[in-house]
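Reader: Could you walk me through this one? I'd like to go from the sheet to the helices and then to a few side chains.

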Amino acid sequence: MHPNNSCSKTPRRTLLRVKLRALERRVLDSLDSFSVWGAGRDGRNFVNDLSEKNRKKVKEFGDVDAKKIGTRYVNPLTGVDLPIVHFSELKPPVICCVALGRTAGVFEKNVESMHWKCGKDYWYFSCAVCSDGITIVLW
């Protein structure tokens, strides 16, 4: 790590909020509604930290965890009350809030199975090279 690297000294949640504001300006502000793939920590933090205007646009969470599917995520502090469905039920646009490279390729295969176009139907809220091998999405 570079000794002057300020990212290593910046709290993860602060970096999330900076990246989130950029995604809101570039993508979410122009959408009528969207879903979030990933009902874990990153997905919940993503939704809770959205601006109120964009938080109201979230339709649902999608996930693979059988314990979460069919339940709801509720946060009374932010007014969030969203159903959690199987990822295969999601319809674009979708924001993917799942850590890449940590599922032995299962998540990436699930995304590929949806036959969506990166940057049109879905966006990664992380660093990723889309399956077309060309598009790089950095949020």
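Author: What follows is a set of short questions and answers about this predicted model.

Reader: Let's start with the sheet. In what order do the strands run?

Author: The sheet is an open one built from 6 strands, and the pairing is mixed. Neighbouring strands in the sheet are turned by 25° against each other on average, ignoring direction. Reading across, the order is S3-S4-S2-S1-S5-S6.

Reader: Which strands stand at the edges, each with a single partner?

Author: In the order S3-S4-S2-S1-S5-S6, look at the two ends. A strand there has a single partner, so one of its sides is left without a neighbour in the sheet. The edge strands are S3 and S6 (122–124).

Reader: In what sense do S5 and S6 pair, and which residue stands opposite Cys96?

Author: S5 covers residues 94–96 and pairs with S6 over 3 bridges, in the parallel sense. Within S6, the residue opposite Cys96 is Tyr124.

Reader: Now helix H4. Do its buried residues line one face or scatter, and how wide is their arc?

Author: H4 spans residues 106–113, and its buried residues are Phe107, Asn110 and Val111. Looking down the helix axis, they line one face because they all fall within an arc of 100°.

Reader: And what covers that buried side of H4, and what does the other face carry?

Author: The cover over the buried residues of H4 includes S5 and S6, along with strand S1 (34–37). Just after H4 comes His115, with a positive phi near 60°. As for the face turned away from the buried side, the exposed residues there are Lys109 and Glu112.

Reader: Over to strand S3. Is Asn75 buried or exposed?

Author: Asn75 sits in S3, which runs over residues 72–75. Its relative accessibility is 13%, and buried means under 20%. That is why Asn75 counts as buried.

Reader: Which residue's side chain shares a polar contact with the side chain of Asn75?

Author: Set aside the neighbours within four places in sequence, and Asn75 is in contact with Asn48 and Val80. The polar contact between side chains is 3.3 Å long, and the partner of Asn75 is Asn48.

Reader: How many salt bridges does a search of the whole structure find?

Author: Among them is the one between Arg41 and Asp42, at 3.1 Å from N to O. Arg41 is partly exposed at 46%, and Asp42 is partly exposed too, at 25%. Across the whole structure, the count is 7.

Reader: Where do Glu24 and Arg21 lie, and is Glu24 buried or exposed?

Author: Both belong to helix H1 (residues 12–26), 3 residues apart, which is about one turn of the helix. Their side chains meet in a salt bridge of 2.8 Å, N to O. Arg21 is partly exposed, at 33% relative accessible area. Glu24 has a relative accessibility of 5%, so Glu24 counts as buried.

Reader: Last one: what is the N to O distance in the salt bridge between Asp81 and Arg72?

Author: Arg72 is partly exposed, with 48% relative accessibility. Asp81 is partly exposed as well, at 40%. The side chains of Asp81 and Arg72 meet in a salt bridge, and the N to O distance is 2.6 Å.

Notes. Residues are numbered from 1 along each chain as its sequence is written. This is a predicted model: local features need pLDDT of at least 70, side-chain atom pairs count only at pLDDT 80 or more; totals for chains, interfaces and linings use all residues. Side-chain values use heavy atoms; hydrogens and water are left out. Helices (H or I, at least four residues) and strands (E, at least two) are DSSP runs, numbered from the N terminus. Buried means under 20% relative accessible area, exposed over 50%, partly exposed in between (1.4 Å probe, protein chains only). A polar contact is a pair of N or O atoms within 3.5 Å; within protein, one must be able to donate a hydrogen and the other to accept it, and residues adjacent in sequence count only if both atoms are side-chain atoms. Contact means heavy atoms within 4.5 Å. A salt bridge is a side-chain nitrogen of Lys or Arg within 4 Å of a carboxyl oxygen of Asp or Glu. Two strands pair if DSSP finds at least two bridges between them. Axes are lines fitted to C-alpha atoms, for helices over the stretch in contact, and angles run from 0 to 180 degrees between N-to-C directions. The arc is that of the directions from the helix axis to the C-beta atoms.
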